[in-house]
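Morning, everyone. Let's get the structure on the screen, and then I'll walk you through it.

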Amino acid sequence: MNAFLEVRSVAKACGGNQVLSAVNLQIAPGEFVGLLGPNGSGKSTLRNAITGFTPVDAGRVHFEGAPLERLAAHRIVRTGMARTFQLPSMPTRMSVMEVAMAAATAHHGVWDTLLATRGARHAERDARDRAEHLLRELLLTPVRDLPASAISGGQKKLLGIVCALMARPRMLLLDEPTAGVHPNLRRDIVTALQRLNAQGMTLVIVEHDMHFIREVCTRCVVLDRGEIVASCRPDELARNERVLQAYLGTAATTPSTEARAEAA
């Protein structure tokens, strides 16, 4: 595999709990990967370690060949990797459009935003054009002038994706983008992510909705107790004994067809 993102022997402990144990992971350019695992398996810690929100105790994280593990989160965004959050918090006094525009600061730099220069005006115009495009692509144009805190939970998740995309990332990590979302908006999110992937963006998703995973992902990576126990196609999950043991317990070595279906 030609690695776009490479995680080498990453370890992380919290107190006496070893959350990640020498995790190795490779993501190829253009992949659409689901990062799965039961609660407490280490998914969030791994995602935070990759994106600079959690320092690692050991190991390396490389993106396009460059080390990331010592970079702050905002510097990792500038390398071309962005992320979303499960419960995005939106300001009460900014419109949807203003929030999208503010997200461009991470890409253009705060001085371009603050200084009244020709370059700043050009950057602002480019940011506005991109924000308009992304809001239209993610079906948020009808609410562009509403307070960002007043839109629905699903629309906030779409706006979170817009904000991440304002930095023009080449890889996007998403945290449960369809959790608690109305079915109609869920379909919009699926369509938007499939379109991004078709355009060449590499996507990694932490998600519990297995129907969603089967619908959009080309590969699944399963964590259990801080270790990767499977890397396979979505349709292979229900036949993978390590995955079944992770979700159903070590005694469930020969689960029923119904139990297998529920696990997948």
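**The pocket and the helices around it**

The largest pocket has a volume of about 570 Å³. Keep in mind that this is a predicted model.

Which residues are the closest to the centre of that pocket? They are Arg83, Phe85, Gly160, Cys163 and Ala164, out of 28 lining residues. Several elements give two or more residues to the lining. Two are strands: β6, at 81-83, and β7, at 171-175. The others are helices: α2, at 73-79, α3, at 96-103, and α7.

What about chemistry? By class, the lining has 19 nonpolar residues, five polar and four charged.

Now stay with α7. This helix covers residues 153-165. Let's take its two packing partners here in turn, starting with α3.

The axes of α3 and α7 come within 8 Å. They cross at roughly 30°. Angles under 35 degrees count as roughly parallel, so α3 is roughly parallel to α7. The crossing is right-handed.

Who touches whom? From α3 we have Val96, Val99, Ala100 and Ala103. From α7 we have Leu159, Val162 and Cys163. Look at Cys163 again: it makes this contact, and it is also among the residues closest to the pocket centre. The α3 and α7 contact has seven nonpolar residues, no polar and no charged.

Next, α8, residues 183-198. Here α7 and α8 pack at an angle of about 15°, and their axes are 9 Å apart. These two are therefore roughly parallel as well. The handedness, though, is left-handed.

On the α7 side, the contact uses Gly154, Gln155, Leu158, Ile161 and Leu165. On the α8 side, those residues meet Leu185, Ile189, Leu193 and Leu196. By class, that contact holds seven nonpolar residues, two polar and no charged.

So, to recap α7. It gives residues to the pocket lining, packs with α3 in a right-handed crossing, and packs with α8 in a left-handed one. Thanks.

Conventions. Residues are numbered from 1 along each chain as its sequence is written. This is a predicted model: local features need pLDDT of at least 70, side-chain atom pairs count only at pLDDT 80 or more; totals for chains, interfaces and linings use all residues. Side-chain values use heavy atoms; hydrogens and water are left out. Axes are lines fitted to C-alpha atoms, for helices over the stretch in contact, and angles run from 0 to 180 degrees between N-to-C directions. Helices (H or I, at least four residues) and strands (E, at least two) are DSSP runs, numbered from the N terminus. Angles under 35 degrees count as roughly parallel, over 145 as roughly antiparallel, 65 to 115 as roughly perpendicular and the rest as oblique. A crossing is left-handed if the near helix is turned anticlockwise from the far one by less than a right angle, and right-handed if clockwise. Contact means heavy atoms within 4.5 Å. Ala, Val, Leu, Ile, Met, Phe, Trp, Tyr, Cys and Pro count as nonpolar, Asp, Glu, Lys and Arg as charged, and the others, Gly among them, as polar. On a 1 Å grid over the protein atoms alone, a cavity is a set of points where a 1.4 Å probe fits but cannot get out, and a pocket is an open set with protein on both sides within 12 Å along at least five of seven lines; lining residues have an atom within 4 Å of a point. Grid points are joined across faces, edges and corners, and a volume is the space filled by probe spheres set on the points.
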